[in-house]
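Hi,

Here's the structure I promised to pass on. Have a look at it first, and then read my notes below.

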Amino acid sequence: MPSLTLPYVPHYVAAPPSKEPLEYADLAIIDISKADTEEGRAALAIEVREALLNHGFFYVVNHGYSQDQTDRIFDIADLPFSAVSDSEKQIYAGTMKQSGSYQGYKLRQYWHIGAGIRDQLEHYNINRDVTKRGHPETLRPLLPEIKEFSKHNHFNVLHPILRHIYISFLELPEDTLVNIHDYDAAGETYVRFMKYYPRTEEEETKTKNVWLKGHTDFGSITILWSQPVAGLQIMTPGGKWRWVRHIENALVVNAGDALDFLTGGYYKGTIHRVVKPPGDQETYPRLGVFYFVMPNDDVKLVPMAESPVLQRVGIQRRCVDSEAPTMEQWRKARTSAYGQSELENGKEKGVEQEVLNGVLVKHYN
């Protein structure tokens, strides 16, 4: 009988939660375990709709992972940064600008943040098909766990959310969105482990404490596993930046561009950014675990005009349907350009912009 003993991984000790009086966003907390009953599913559909319309961000709890399982994932997430040499990182570095793909490492100082300052974060990205490319030696024994983590996000978190978006919004068969987020189809949905490092006083001053400019994600749904170091902020409907509070063993879920395209602007991608952590956490690194979700590569990002809801409320197109990109074209354009291209000043104060595939993309500085 095969051993059930998991490979040893050093325990990652996270920072204690901040005690500073931050202005937090009032985000809905959605208990996804309600999906087990018909009555619960009906309630979830309403909750998901309201959460997406109000903020585009919400928490998910009771998602099926215990605190111990979540802790284990964060232990694994730190390894690409703490247990891999710089020379080995170079071997597995991604080629974002050339290939439009985030697979592998995004190394530190790859992106220009502003005022001549480059980023101080690195991440390691693993396609849901973990065999798609090679990985650093320290991660290889852990690939079965990472694969199971990917499947858990996809089938136990993503698919229920997509079904409730469809029920509440499109009034069409509930698996329509699920079917264009096929786990086995060609596409770039992936697990990301990310680590932000404290910056110098000069870097903070020149960038006004902004670590990652305000932006929307280019996929359909992003699943962030909540961690204690504050830094993530969302822009409220009133145009104010508000912090996202850490909730132990919760997920932070948000909508992105692809959902905006597909729902004709009904569910918009929410603008968010990362800033310097509060004073009682500013010396700690910030370790993150994500599941970035995109429709299948061949999905054309046009509004689902057959939706009775869209027919009632109207469609806001970001481009004409005949020129709409596929998911593959959109992700490659956004990935290649981010932090590399020259941005123009927009009409709104503090907004820079670029045009990709005929679509206006804004960055909030």
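Let's start with one residue: Gln233 stands opposite Arg273 in strand 13. Keep in mind that this is a predicted model.

Gln233 has a partner in another strand too, since it stands opposite Trp243 in strand 11. Now zoom out to strand 10, residues 232–235. Strand 10 runs antiparallel to strand 13, with 3 bridges joining them. Another 3 bridges join strand 10 to strand 11 (residues 241–243), and this pair is antiparallel as well. Strands 10 and 11 form a hairpin with 5 residues between them, where Gly239 takes a positive phi near 85°.

Are the two faces of strand 10 covered or open? Both are covered: Leu232 and Ile234 are buried on one side, and Gln233 and Met235 are buried on the other.

Next, the empty spaces. I found 4 cavities of 30 Å³ or more. The largest holds about 440 Å³ of space. It is lined by 29 residues, and the closest to its centre are Arg192, His215, Asp217, His272 and Phe292. Several strands supply at least two lining residues each, among them strand 7 (190–196) and strand 13 (272–275). Which strand gives the most to this lining? That's strand 14, with 5 residues. By type, the lining splits into 17 nonpolar, 8 polar and 4 charged residues.

The second largest cavity has a volume of about 50 Å³. Its lining includes Asp260, Phe261, Arg317 and Cys319, and divides into 6 nonpolar, 2 polar and 4 charged residues.

Cheers

Notes: Residues numbered from 1 in each chain as written. Predicted model: local features only at pLDDT ≥ 70, side-chain atom pairs only at ≥ 80, totals over all residues. Heavy atoms only, no water. 1 Å grid on protein atoms, 1.4 Å probe; cavity = no way out; pocket = protein on both sides within 12 Å on 5 of 7 lines; lining within 4 Å. Points joined across faces, edges and corners; volume = space filled by probe spheres on them. Helix = DSSP H or I, 4+ residues; strand = E, 2+ residues; numbered from the N terminus. Nonpolar A, V, L, I, M, F, W, Y, C, P; charged D, E, K, R; others polar. Buried < 20%, exposed > 50% of the residue type's maximum accessible area, 1.4 Å probe, protein only. Pairing = 2+ DSSP bridges.
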